Amino acid sequence: MISRVIGFEKGFPLSEGNHFETYEVMLPKLNKFDIVVKNLAVSINPVDTKLRQSGKGTQQPHVLGYDSVGIITQLGDKVTHLQVGDRVLFAGTTQRFGSYSEYQVIDSRLVASLPNELATDEAAAMPLTFITAYEMLFEKMGLLPEEDQNQGTILIINGAGGVGSVATQLAKWAGLKVITTASRKESKDWSEKMGADHVIDHHKDLTTQLKKIGVTQLPYILILHSTDRYFTEMSELLEPFGHLGSIVAADKDLDLTVLKNKSGSFDWEYMFAKTDYNYKIASQGAILELLVRLLQEKKIHSTLTKIIPGFSPEVFYQAHQLVEENNMIGKLVVHY
């Protein structure tokens, strides 16, 4: 089966102009757990822009896209819990062609069915950030993934971004008090809308601001921007046996010895680790089933803030420009 895709041959910065192109590719043969999905919408994540810049020259085009809602058109032999015609959502994997494509082959264990009452674009904004936040809070930091079954306070650096917006909602659902950082008024307003109890300014001294609201130590801290910049201060704020987590690669070595005498934990989270290493990949489909339930129950809300229609190199170039400006609040979705 042939599919049109939007991709590029070699990594490029946006300053070089638009190197996205339209290609036609042959989809791979389905294995027993695979499905073919006709994509309807895809959201653009910061990881897309990073992988666009770093892509090596290859014989096949690079096809990004790690958040999608689509309709199943074909099933592998061992797929019994889904049917042709079902609408599904998923984040996918970096090991295969992504969702900047009309049709895509995806492992059925990575998807969840999407009920009719949930809108396509709103759902497409959520999978990658929800899985990232879930894995950090519940699989790395050890919180219970149940409503109001946890105690304590979490500080989220960059609360208005894609992951921060979801992590705020999930932490509140789980029972935590949430403090986030933001600087612009619209970012602060958005973070409060997501459920933050306090929003402090990351352009000012965080420790001083926290003291003013009665916080001197924290059991949970999540760094979602500039790990190098915040690591030392956050290590000092972390309480004994606390969890300090990050999803952002450090540009230099981090001195983890500063956490030793507190028995503090440093937690990395990378959503693609499971599919990169074929590790408990079905857990991501189960996480998305929880996402669907929480959206249905209105316990959490989509972080969609902008939609761009179309399926062309120009559309994806524009979308990458918007995300790379680093002023995005919530999520951007391209609707095919």
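## Aromatic cluster and nonpolar cores

Select Phe 12: at 1% relative accessibility, Phe 12 counts as buried (under 20% relative accessible area, with a 1.4 Å probe and protein chains only; over 50% is exposed, in between is partly exposed). This is a predicted model, in which local features need pLDDT of at least 70, side-chain atom pairs count only at pLDDT 80 or more, and totals for chains, interfaces and linings use all residues. Residues are numbered from 1 along each chain as its sequence is written, and side-chain values use heavy atoms, with hydrogens and water left out.

Add Phe 20, which is buried as well. Phe 12 and Phe 20 form an edge-to-face aromatic pair, 5.5 Å centre to centre with 85 degrees between the planes. Rings of Phe, Tyr and Trp (its six-membered ring) pair if their centres lie within 6.5 Å; planes under 30 degrees apart are stacked, over 60 edge-to-face, the rest tilted.

Next, show Arg 52, which lies over the face of Phe 12 at 5.2 Å from the ring centre. The criterion is NZ of Lys or CZ of Arg within 6 Å of the ring centre and within 35 degrees of the ring normal.

Widen the selection to Phe 8, Tyr 100, Phe 311, Phe 316 and Tyr 336, which form one aromatic cluster with Phe 12 and Phe 20.

Keep Tyr 100 and Phe 316, and add Phe 130, Ile 154 and Leu 170: these have the most contacts inside the largest nonpolar core, of 70 residues. Such a core is a set of buried Ala, Val, Leu, Ile, Met, Phe, Trp, Tyr and Cys residues joined through side-chain atoms within 4.5 Å.
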